[in-house]
Each structure stands twice: as C-alpha cells, then as structure tokens.
2 protein chains.
Amino acid sequence: MKLRGRPLENICLPAGFSFSSASAGIKASGRPDLALVEACAGTSAAAVFTKNRVVAAPLEVGRAALAATRGRVRAVIVNSGNANCATGAAGIRACQEVCAGLARLLKLSASEIFPSSTGIIGIPLPVEKILSRLPELSAGRKATKRGIADFARAIMTTDTRPKLASARFCSGKSTVNVLGVAKGAGMIHPQLATMLVYLFCDISATPNQLRRCLKGVAYQTFNCMSIDGDTSTNDTVLLLASGRSGVRLNSPSVPRSFSSALLQVCESLAKQIISDGEGVEHVIILSVEEASSTTEARQVAETVAHSLLVKTAWAGADPNWGRILAAAGRSGIALNPAKVSIQIGDQMVCRRGVGCAFDEKRAHKALSRPQCEIRILLGRGRKSIRFLTTDLTAEYVRINADYST
Amino acid sequence: MKLRGRPLENICLPAGFSFSSASAGIKASGRPDLALVEACAGTSAAAVFTKNRVVAAPLEVGRAALAATRGRVRAVIVNSGNANCATGAAGIRACQEVCAGLARLLKLSASEIFPSSTGIIGIPLPVEKILSRLPELSAGRKATKRGIADFARAIMTTDTRPKLASARFCSGKSTVNVLGVAKGAGMIHPQLATMLVYLFCDISATPNQLRRCLKGVAYQTFNCMSIDGDTSTNDTVLLLASGRSGVRLNSPSVPRSFSSALLQVCESLAKQIISDGEGVEHVIILSVEEASSTTEARQVAETVAHSLLVKTAWAGADPNWGRILAAAGRSGIALNPAKVSIQIGDQMVCRRGVGCAFDEKRAHKALSRPQCEIRILLGRGRKSIRFLTTDLTAEYVRINADYST
C-alpha cells in the first residue's frame with residue numbers, strides 16, 4: 001500500500017524562496033544529494049529537533065546559528081547520503097566549512113545558513129565534494145514548482161518518492177501559502193537515518209510566533225507517529241516565513257487559519273512519511289481515548305505502536321486484541337484492565353477487559369485494508385490522542401538486516 | 001542456533017516432589033497439555049509474577065492462595081493451550097473449579113493448590129476437560145526423572161524443546177538439590193503467551209527466606225532478558241522447598257551456596273528460553289557498564305535490546321554501532337555521547353562517541369556466531385548490568401504474522 005504522491009500542479013509556492021539541487025557524489029548511486037533553499041531578506045525561522053541525546057553535527061551548528069541570529073535564516077543547505085553524526089569535533093568543523101563556503105558565495109553571514117545532513121552515521125562528511133558543487137547549486141536556483149520538486153528529490157535517502165504538501169488561505173485580498181517538503185520514515189535503513197521536514201510560508205511573523213505554532217503542530221503530527229520506535233540523531237523540522245504575502249500572523253483570525261493550514265500540511269507529510277516506511281503494508285490510525293491525561297494516552301499509544309507482537313499481528317491482519325490489551329497493560333499507566341475496551345475497524349472486539357462476540361472475518365478484512373482505525377478506550381478520563389503507526393513485516397526485517405561486508 | 005537440552009542423566013531430583021502429565025484435549029494437536037506436581041506436607045513456597053497490569057485468572061487465584069496459606073503449596077496444576085486471560089469473572093471461577101476439583105481428589109484445601117495456565121488469550125478455559133483428567137493425572141505421579149521430563153513437555157506451547165536445569169551442593173553430610181523447569185520465550189506466538197518457571201528444592205526454609213532468595217536471583221536472570229520486549233500476562237516463577245534434605249537455609253554458609261545453586265539453575269533456564277525464541281539466530285550478551293546506577297544501566301540495556309534497528313542489524317551480523325549509540329541516546333538517561341564507547345566481540349568500534357578504526361570483517365564474524373558479547377561503556381559511573389537478548393529475524397515476523405481465518 002502506498003499513498004500516491006500529490007500531483008505537482010496542486011502545490012502552491014510561497015513567495016520569497018528559491019530552490020535547487022545538485023549531485024555531489026556523496027551518494028554512491030550518483031543521484032542528487034545536495035539541496036539548497038535561499039530565502040529573501042527578513043525571513044523568520046523556528047525549528048524543532050530530535051530529542052535523542054546523540055545528535056548530529058548539523059543540528060548543533062544549526063541550533064547555534066538560530067540562537068545567534070535570533071531566528072533569522074537566509075539559506076538552507078541539505079546533503080543526503082551522509083548524516084555527519086558520531087563524527088566528533090571534525091564533524092562540527094566540516095559542517096561549519098560548508099556553511100562558511102555557502103555564506104561567502106551568497107554574501108551572507110555563516111550563521112544565516114541552516115545546515116542539515118541525512119544518511120550514513122560515523123563517516124566523515126566529504127566537505128570538498130560539497131564545496132565544489134556550491135557555485136552550480138547557487139546558480140541553479142528557481143522559484144518554481146520544478147525547483148521545489150528537485151529539492152524534494154535531492155533530500156531523499158531510502159524514500160521511494162518525494163513528499164510534498166501545501167495549503168493556502170486568504171486574509172483580506174492576500175493569500176498566504178504554506179508549503180512542506182519532507183524526507184524519511186524513521187530510522188529505517190542500514191546506517192541511514194532521519195526525518196527532515198522543511199516548511200515554507202509567506203506569512204509575516206516573528207520567530208517566537210512561529211515557534212509557538214510549530215511546536216503545537218509538530219506535537220500533534222510528527223510526534224504522533226512511529227514506524228519502528230527509533231529516534232533519529234538528525235530529525236529536524238524547520239519552518240521559514242518570508243513575510244512576502246504581506247499578511248501578519250498577529251492580525252485578527254489569522255492565527256487560527258495559519259495553524260490550520262500548517263496542521264493540514266504537516267498531517268499530510270506525516271501520512272506520506274509513514275506510508276513510505278520500508279516494508280509497510282498497513283497504516284494503523286491508533287486512537288487512545290478516555291485517558292486521564294494526554295501524556296498517559298501517548299504512553300499507551302507508544303507502547304502499543306512499538307509492540308513487536310502487535311505490529312506483527314497487524315502485518316497478518318490478525319484481529320488479535322489480546323496482544324493490544326497486553327501491551328496496554330505493560331505501558332506503565334495505572335490501567336484497570338476491567339475498564340478497557342478495544343475497537344477494530346467498526347467493531348468492538350473487547351468490552352471492559354473481556355472479549356466480546358464479533359465477526360472475525362470482518363475484523364480481518366478491516367485490517368487487510370491499506371489503512372485501518374483501532375480505538376483503545378481506557379475508561380479513565382476524557383483525554384485522547386491519535387497516533388499514526390504501521391505494521392511490521394518480514395520485508396522490514398529483510399531490508400534492515402541486509403548486510404554485506 | 002539452538003543450545004542443546006541438558007541430558008536427563010545429569011538432572012538431580014530434589015526429594016519430596018512427584019510429577020505427572022496428561023492430554024486433556026486443550027491443545028488441538030492432542031499433545032500433553034496438563035501437568036501436575038505434588039509436594040510433601042510442609043513445603044514452603046515463594047513466587048514472582050508478571051508486572052503487566054493485565055493478568056490472567058490463575059495469577060490472581062494463585063497469588064490469593066499464597067497469601068491465604070502464608071506461602072504453603074501442596075500441589076501445582078498447569079494447563080497449556082489456554083491462558084485463561086481476559087476471561088473476566090468466569091475465568092476466575094473456572095480456575096477455582098479446577099483447584100477445588102484437584103483439592104478434593106488429593107484431600108487438600110483448595111488454597112494449597114497453585115494454578116498456572118499458558119496459551120491462547122480470551123478463550124474460556126475448558127474446565128470439564130481438565131476435571132475429567134485429574135484422576136488419571138493424580139494416579140500417574142512419579143518421583144522420577146521420567147516424571148519431571150513429562151511435566152516439562154506438558155507445559156510447552158511453542159517451545160521446540162523442554163527446558164530443565166539442576167544444581168546441587170553439600171552441607172555437612174547432606175546434599176541439597178535444586179531443579180528448575182521452564183517454558184516459553186517471551187510472547188512469541190499468535191495469541192500464545194507466557195514464561196513459566198518452576199523451581200524445586202529440598203532445602204528447609206520459610207516462605208520469607210525463599211522469597212528473598214528468589215527475588216534477587218530472578219532480578220539477575222529472568223528480569224535481565226528480552227526477546228521482543230513484550231511482557232506476558234501470565235509470567236510466573238514459583239519456588240518450592242520440601243525441606244526433605246534436612247539442611248536448613250539459615251545454617252552457616254548455606255545461604256550463599258543455595259543462592260549460588262539457584263542462580264546457576266535460573267541462568268541456565270534463562271539461556272535455554274532465549275535460545276529457543278522463535279526465529280532467533282543470534283543470542284547477544286549485552287553488558288552495559290560505567291553507569292551511575294543499575295537502574296540506568298538497565299534502561300540503556302532495555303532500549304538497545306528492544307530497538308528494531310539494532311535487532312535487525314544483529315540478524316544480519318552487521319557491526320552497525322551507530323544504531324546502538326542512537327538507541328542509547330534515546331534511552332532517557334542523561335547520556336553524554338562524547339563519553340560512550342562500544343565494543344563488539346573483542347574490538348572497540350566506537351570510542352568516546354566517535355567511530356574508531358576496526359576490522360569490520362572480524363566484527364561481522366563475531367556477530368555471526370550463535371552468541372556474541374557487546375559492551376556499552378557509558379562513562380558515567382561504576383554500575384553495570386548483563387542483559388540477555390536476541391536478534392530479530394524475518395522468521396520471527398513470519399511466525400507472529402501468520403494468521404488464517
């Protein structure tokens with residue numbers, strides 16, 4: 001099951017950004033592995049990063065740059081094929097050299113450059129290869145759909161297709177455009193890592209305003225999905241606002257419209273990422289309801305979503321609610337099993353801790369579809385969470401166990 | 001890779017116990033699915049149970065019985081093929097009926113019977129089938145190696161072989177025998193669950209003394225292993241002491257000898273269980289060292305042992321230390337990646353957070369063996385833990401995703 005990529009015609013391009021890509025030979029395949037965005041003067045930025053204590057060099061450099069400029073970004077440089085992670089002080093220097101090289105070329109300060117890397121861990125970044133391609137990369141910038149499509153392809157590693165989404169809304173006579181580009185699907189390939197998400201919009205906002213919006217939306221989307229439970233060392237979500245629409249984020253009714261557009265884009269990207277997970281055959285929309293807090297709902301959702309037994313049952317479209325109940329039981333919350341009910345597709349399969357008569361074939365059929373909803377009702381309160389996850393197939397194992405010396 | 005079962009000749013039989021088995025038709029295969037131990041009068045007992053909040057009926061009944069008798073057990077009745085879990089109040093009654101039936105037959109009180117069930121979740125226990133076999137079961141009891149071997153087979157579900165271990169030590173002119181029987185390998189089969197461990201010895205001890213010994217040993221063995229990270233609803237470790245050796249546990253130097261014998265038996269059973277995990281090709285002995293506490297060492301060990309990316313890398317004998325470092329990084333402890341070193345087999349592969357030059361072929365070869373040691377040095381303190389775990393193979397997924405309506 002694969003969600004179709006959105007056709008490029010429907011993509012709306014925010015004003016103030018230009019994109020390009022190049023092949024620097026970092027990927028052995030020779031495919032594009034270098035991508036650039038240039039943003040107009042005055043662009044505001046906000047970012048969220050992986051919570052892993054092991055972080056790649058570009059995250060340290062990018063975080064410091066954002067702090068130094070107080071949320072101003074003029075260019076984003078991404079390389080795929082090498083994560084520049086676990087590379088020590090040399091990795092930091094390598095990243096800084098790339099930023100300095102690009103800054104010279106674009107007549108910017110190095111701290112206005114935001115760097116990202118994705119790919120193999122523990123291998124030195126081939127700085128010279130990257131530097132030699134920067135003039136070509138800079139010259140090739142286009143503020144077109146073609147440009148953004150090339151950018152989306154160049155940041156791919158094990159992705160089978162580029163991931164794009166956009167939304168727009170009107171405020172008075174002006175239109176605000178929100179565009180998102182993403183790569184990755186958890187840490188799903190030998191030594192390859194990372195989810196990278198770049199969000200571009202032409203609203204006018206301060207970095208602080210952007211940060212508040214981004215945190216809320218990321219919590220509901222990218223933080224509510226899991227393929228294999230592993231957290232990348234390079235995960236980054238960056239939001240840039242050029243201000244070119246002339247619409248200010250703090251105008252009446254705009255915050256709600258903007259958050260909603262941002263949410264729509266991020267939800268679509270999250271779904272595209274999860275559907276493109278290696279070996280994924282079934283996407284599961286897990287609703288954990290009747291929790292006493294969102295935190296405990298998330299705890300149950302994560303435990304169920306990461307249970308090997310649950311995930312393998314989903315691979316077989318097996319309506320084995322006992323495994324779901326058992327996973328919820330070990331999630332660490334003060335669960336009373338006698339209050340838990342479970343619904344698969346449109347049928348209750350377990351009511352208050354006891355299995356109920358249900359049409360097993362119908363449940364199997366529901367789970368056989370590319371996408372199925374499962375509800376877990378905890379009987380503890382009124383909080384809930386929606387969590388996107390996947391099955392675990394033998395194909396996933398085959399891909400990730402594949403090793404040849 | 002499968003560890004050979006210990007030959008039956010080397011098994012030593014503690015005095016005071018007799019064993020039998022029967023086929024009650026709970027397993028569709030018709031294989032033995034009912035097992036009985038009778039213990040002599042005065043036998044002390046202690047048990048540890050699953051920490052899952054969802055627990056099967058026999059655990060509730062058994063726990064209550066142990067409390068009522070203050071740690072006295074005269075018989076253990078085990079059925080395989082049905083877990084009697086998520087069966088509500090009817091499940092509790094079913095379990096009580098079995099205990100009452102056996103108590104009448106053996107002229108005991110029902111609370112002197114300790115029940116266990118293992119198998120499918122959510123299906124009513126076929127009480128009548130069990131009751132009808134009790135006379136045969138009781139009549140067939142043998143205090144022989146054959147008896148214990150039959151018992152070990154009857155409690156199997158997806159196990160490919162029975163699991164037995166024993167040890168003995170001398171105190172004065174007397175010999176103390178410790179015998180262990182186990183089944184299971186995590187929750188590794190569709191709707192089947194449970195690790196069950198029965199430990200028999202002929203030492204003389206109070207239930208409180210036994211409990212202290214058992215807790216310490218279980219923490220170091222059964223609580224330091226993981227195949228898939230799922231916790232069964234039925235996990236039980238029961239220790240019975242008949243007193244027939246005449247050696248008292250509180251005599252000088254006996255506590256140390258006894259703990260050591262018990263540890264030896266439990267370590268062997270833990271290894272037998274993990275090696276028999278479905279689809280397991282490589283057993284990994286994970287040492288997490290230089291932690292600031294055992295708790296944090298365990299947290300890192302569990303996160304690494306449950307990482308799909310790490311486990312699939314092990315399946316491919318891939319010395320991908322980046323995945324191990326990344327998993328440690330998200331374990332929740334205040335890790336400083338720049339202090340972490342990782343050793344695979346006899347080689348350091350990552351020193352203070354940075355990859356070091358190592359012979360990749362040799363590391364691959366070490367991981368290709370049935371058993372390999374991996375050390376993670378956190379650089380935070382002096383505490384450590386040894387944790388037994390396994391790779392994750394496509395075969396595991398195939399077995400657990402296998403479903404036919």
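## A walk across the A–B interface

Start with both chains on screen: together, chain B and chain A bury about 4,400 Å² between them, and 64% of that is on carbon and sulfur atoms. Keep in mind that this is a predicted model.

**Stop 1: the contact residues.** Select the residues where the chains touch. You should pick up 57 residues from chain B and 57 residues from chain A. What about charges and polar groups? The rule finds zero salt bridges across the interface of chain B and chain A, but eight residue pairs in polar contact, both partners at pLDDT 80 or more. Now colour the chain B side by element. Helix 8, helix 9 (321-329), strand 14 (354-355), helix 10 and helix 11 (394-401) of chain B each give two or more residues to the side that touches chain A. Helix 9 of chain B has the largest share, with seven residues.

**Stop 2: the axis.** Next, superpose the two copies. A turn of 180° with a shift of 0.0 Å along the axis lays chain B on chain A with an RMSD of 0.1 Å. That is how a two-fold axis relates two copies. To find the axis from chain B, click on B:Ala394: its C-alpha is the nearest one in that chain, 2.2 Å away. Both copies use the same surface, as 100% of the contact residues of chain B recur in chain A.

**Stop 3: A:Asn52.** Hop to chain A and select A:Asn52, in the loop between strand 3 (44-49) and helix 1 (57-69) of chain A. Is A:Asn52 buried or exposed? It is buried, with a relative accessible area of 3%. Show its side chain and follow it over to chain B, where it reaches the backbone oxygen of B:Ala326 at 2.8 Å.

**Stop 4: helix 10 of chain B.** Finish by selecting residues 360-368 of chain B, which make up helix 10. Which residues of this helix are buried? They are B:Ala363, B:His364, B:Ala366 and B:Leu367. These residues cover an arc of only 160° around the axis, so they sit on the same side of helix 10 of chain B. Turn the view to the face pointing away from that buried side and you'll meet the exposed B:Lys361 and B:Lys365.

Now bring back the surroundings. The cover over the buried residues of helix 10 of chain B includes strand 11 (283-291), helix 8 (308-315), strand 12 (341-344), strand 13 (347-351) and strand 15 (371-377) of chain B. One last click: at the start of helix 10 of chain B, a side-chain oxygen of B:Asp359 comes to within 3.1 Å of the backbone nitrogen of B:Lys361.

Key. Residues numbered from 1 in each chain as written. Chains lettered and ligands numbered in written order. Predicted model: local features only at pLDDT ≥ 70, side-chain atom pairs only at ≥ 80, totals over all residues. Heavy atoms only, no water. Least-squares fit on C-alpha atoms with pLDDT ≥ 70 in both. Contact = heavy atoms within 4.5 Å. Buried < 20%, exposed > 50% of the residue type's maximum accessible area, 1.4 Å probe, protein only. Helix = DSSP H or I, 4+ residues; strand = E, 2+ residues; numbered from the N terminus. Arc of directions from axis to C-beta. Polar contact = N/O pair within 3.5 Å; in protein donor to acceptor, adjacent residues only side chain to side chain. Buried area = accessible area lost by both parts, 1.4 Å probe. Salt bridge = Lys/Arg side-chain N within 4 Å of Asp/Glu carboxyl O.
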